[in-house]
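Reader: I'd like to go through this model with you, one feature at a time. Could you take my questions in turn?

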Amino acid sequence: MKPYLITVVLIIIAPSLSAESAAKPPRLKAHSLTDSAFWIEGGTANAGFVIGNDGVLLIDAQRTPAEGAAQMALIETITSRPITAIVITHADPDHVGGLPAYPAGARIIMQENARAQILSAATDNHGGPLFGPMYRKLAANHLPDQTVADLERITIAGIRVTLIHTAPAHTSGDLVVHLPEQKLVFGGDIVLSNQGRFPIIHVGGSSLGWLAAMNEILALDAKVIVPGHGPVETRRQLETRVADAKRRRAEIKKMVEAGKSLAQIDVTLPPETANSMFPSFNYTTYDELTQGYPPQRPPWASLVKPPR
Ligand SMILES: [Zn+2]
């Protein structure tokens, strides 16, 4: 495949498509990973794309149509090939909200629970003015053309891609995107490099499932693993995260089974919450171990700060 732009490309968003993001246009950057694969930083979430024979495989859509349009404009500075498919790593707003910006012909692929979460969020009245209309729009016009249960090996624009759902991890609808020829993995928010030492578990996610998913990711043939947020980390850093979470989960479990409250556990093991929007790993693990497996909830139900 001929070499594409190898340098970092910078783009400042064109006139915003939605008022909500007009104030702060994102500065998106595309970092090359191979001659045809890139990861994008600078938006609300990371994203990525791979240029194939006659089209582009995009991974995640950004949070708003304006961000999605900026992302598409950035890709157009690198290739004129059309977006063939958009794989969604999970249904959180910062990964799906940009979907309306992309051409109708682009095939949308996500895990089956992510589709169900969009439908359930669209009919829930607690999403507020930001999330409510967003999910209703997605449910009306941007549901997936294809859903994945646990594993799919497909070819998109000549690009071989493996989509893996091992267990609920960050959410119940996570998909890990493995590109075996490029030796790349896009981990979605199962892999977070700028949100503290411990994983964020919400929307039906599971700490046990997270450990299983991370172990599966680490077993894949990949030179680079792109997180859903934050810079790319080394395999060694990811192994340390898994070891830390496994140890903490075991410590929490021991205290839960000894009858300790969450407040008591937080004293012994300070929660180290890095993102106050989300419950701590202590909280979610305690919740799992005392309430049973968490039920499906809309994306905002497990936020500490509800949307305004
Ligand atoms: Zn995210």
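Reader: Let's start with the metal: which residues coordinate the zinc ion?

Author: This is a predicted model, so local features need pLDDT of at least 70 and side-chain atom pairs pLDDT 80 or more, while totals for chains, interfaces and linings use all residues. Numbering runs from 1 along each chain as its sequence is written, and side-chain values use heavy atoms, without hydrogens and water. Donors here are N, O and S atoms within 2.8 Å of the metal (3.2 Å for Na, K and Ca), and with water not among the atoms, sites may look incomplete. At 2.0 to 2.1 Å, the zinc ion is held by Asp 94 (OD), His 95 (NE2), Asp 189 (OD) and His 229 (NE2).

Reader: How far apart along the chain are His 95 and His 229?

Author: The zinc donors are spaced D-H-x93-D-x39-H along the chain. His 95 sits in helix α2 (residues 93–96), and His 229 lies in the loop between β13 (224–226) and α6 (235–257). Helices (H or I, at least four residues) and strands (E, at least two) are DSSP runs numbered from the N terminus. The pair links distant parts of the chain, 134 residues apart.

Reader: Are those two histidines, His 95 and His 229, buried or exposed?

Author: The cut-offs are under 20% relative accessible area for buried and over 50% for exposed, with partly exposed in between (1.4 Å probe, protein chains only). By that scale, His 95 and His 229 are both buried.

Reader: What about α1, how many of its 12 residues are buried?

Author: Helix α1 covers residues 65–76, and its end C-alpha atoms are 16 Å apart, in agreement with the 16 Å expected at 1.5 Å a residue. That expected span is 1.5 Å times one less than the number of residues. Among the buried ones are Pro 65, Met 72 and Ile 75. The helix is largely enclosed by the rest of the structure, because the buried count is nine of the 12.

Reader: At what angle do α6 and α8 cross, and what does that make them?

Author: Axes are lines fitted to C-alpha atoms, for helices over the stretch in contact, with angles from 0 to 180 degrees between N-to-C directions. The axes of α6 and helix α8 (residues 281–291) come within 10 Å and cross at roughly 50°. Under 35 degrees is roughly parallel, over 145 roughly antiparallel, 65 to 115 roughly perpendicular, and the rest oblique. So α6 and α8 are oblique to each other.

Reader: Where is Ile 265 found?

Author: Its relative accessibility is 0%, so Ile 265 counts as buried. The C-alpha atoms of Ile 265 and Lys 253 are separated by 9.9 Å, with their positions 12 residues apart along the chain. Ile 265 belongs to helix α7 (residues 262–268).
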